[in-house]
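Student: Could you take me through one part of this model up close? I would love to see how the sheet and the packing around it fit together.

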Amino acid sequence: MKLVYNMIDALLDFIYPRNIYCIVCEKSIKTNDQYSLCDECRGKITWIKKPACDVCGKPLDENDDDKSCVDCLKNIHMFTKGLSSVVYDGNIKKIVHDFKYHNKRYIGYHMAEIITDTLHQNKIEHIDYVVPVPMHKNKKRQRGFNQSSIIAKYIARNMNMNFNDKNLIKVRDTSEQNKLNKKERFENLKGAFHLNSTDLFRGKEILLVDDIYTTGNTVDACCKALNKANPKAIYIASFATGKN
Ligand SMILES: [Zn+2]
Ligand SMILES: [Zn+2]
């Protein structure tokens with residue numbers, strides 16, 4: 001597996017040499033500039049620090065007395081804990097868009113670097129399986145890749161964990177969640193995910209990876225399938241999230 005990773009890495013470095021250009025403004029940067037971002041673009045990112053929601057990881061207001069966000073006070077989620085690295089605004093919207101729709105897969109490498117640091121900061125270091133939020137095969141055929149899978153693969157490699165994108169699968173092609181109302185969103189995802197083997201994940205600690213966390217409906221639907229295996233814990237790591 002390591003050999004495959006190295007080959008992919010070498011290929012990516014050949015196509016797009018890392019740490020030469022800023023992934024946002026594409027200006028030249030110094031090789032030691034963190035996450036392949038120039039100082040200016042890095043400075044404009046809203047990094048999620050404390051206080052953040054204890055449940056889903058969304059940023060809270062400085063003077064907020066609650067430990068959870070409004071959404072998590074109202075709705076029960078099916079995962080152990082969620083974390084996001086940055087707020088989904090400005091430049092972050094641009095790089096997520098470039099990554100997903102302009103086929104700039106190397107951005108996923110830097111997103112994974114950022115998430116890896118978030119996981120270390122939150123002491124989430126003992127994971128048995130890193131699992132991407134799955135994409136239906138029709139959509140994957142359209143886009144050519146599952147963006148969550150690219151990020152998850154790099155996180156697993158950075159943290160020396162197992163990557164698995166075969167056990168949790170998406171069996172039903174669903175409409176875009178953001179075009180639906182609350183009730184429709186729930187119905188839309190019903191039975192969309194399936195776990196092939198309950199034995200593999202039984203008693204294990206799972207890290208479920210997505211690019212953006214919004215309502216949590218998608219990861220909850222994934223957790224419903226994952227929970228059939230009775231895992232020890234399910235952590236959610238997403239690159240970006242909105243503020244409530
Ligand atoms: Zn820049
Ligand atoms: Zn929350």
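Tutor: Happy to! Let's begin with strand 6 (residues 205-213) and strand 7 (residues 233-241), which run parallel and are joined by 8 bridges. Do keep in mind that this is a predicted model. Glu205 has its bridge partner in strand 7, namely Ala233. Against this part of the sheet packs helix 10 (residues 217-226), which touches both strand 6 and strand 7. The direction of helix 10 makes about 160° with that of strand 6.

Now step back to the whole sheet. It is open, has 5 strands with parallel pairing, and follows the order 1-7-6-2-3. Strand 1 (81-87) and strand 3 (162-163) each have a single partner strand, so these two edge strands are left with one side lacking a neighbour in the sheet.

Next comes the packing. The largest nonpolar core holds 44 residues, and Leu119, Ile155, Leu207 and Phe239 have the most contacts inside it. At least two residues of this core come from each of strand 1, helix 4 (90-101), helix 5 (106-121), helix 7 (147-158), strand 6 and strand 7. Helix 5 gives the largest share, 8 residues.

Ile155 is a nice place to zoom in. Leaving aside residues up to four places away in sequence, Ile155 touches Ala112, Ile115, Thr116, Leu119, Leu207 and Val209. There is also a second, separate core, made up of 27 residues, with Leu189, Leu208, Ala225 and Leu226 among them.

Technical notes
Residues numbered from 1 in each chain as written. Chains lettered and ligands numbered in written order. Predicted model: local features only at pLDDT ≥ 70, side-chain atom pairs only at ≥ 80, totals over all residues. Heavy atoms only, no water. Pairing = 2+ DSSP bridges. Helix = DSSP H or I, 4+ residues; strand = E, 2+ residues; numbered from the N terminus. Contact = heavy atoms within 4.5 Å. Axes fitted to C-alpha atoms, helices over the stretch in contact; angles between N-to-C directions. Core = buried A, V, L, I, M, F, W, Y, C linked by side-chain atoms within 4.5 Å. Buried < 20%, exposed > 50% of the residue type's maximum accessible area, 1.4 Å probe, protein only.
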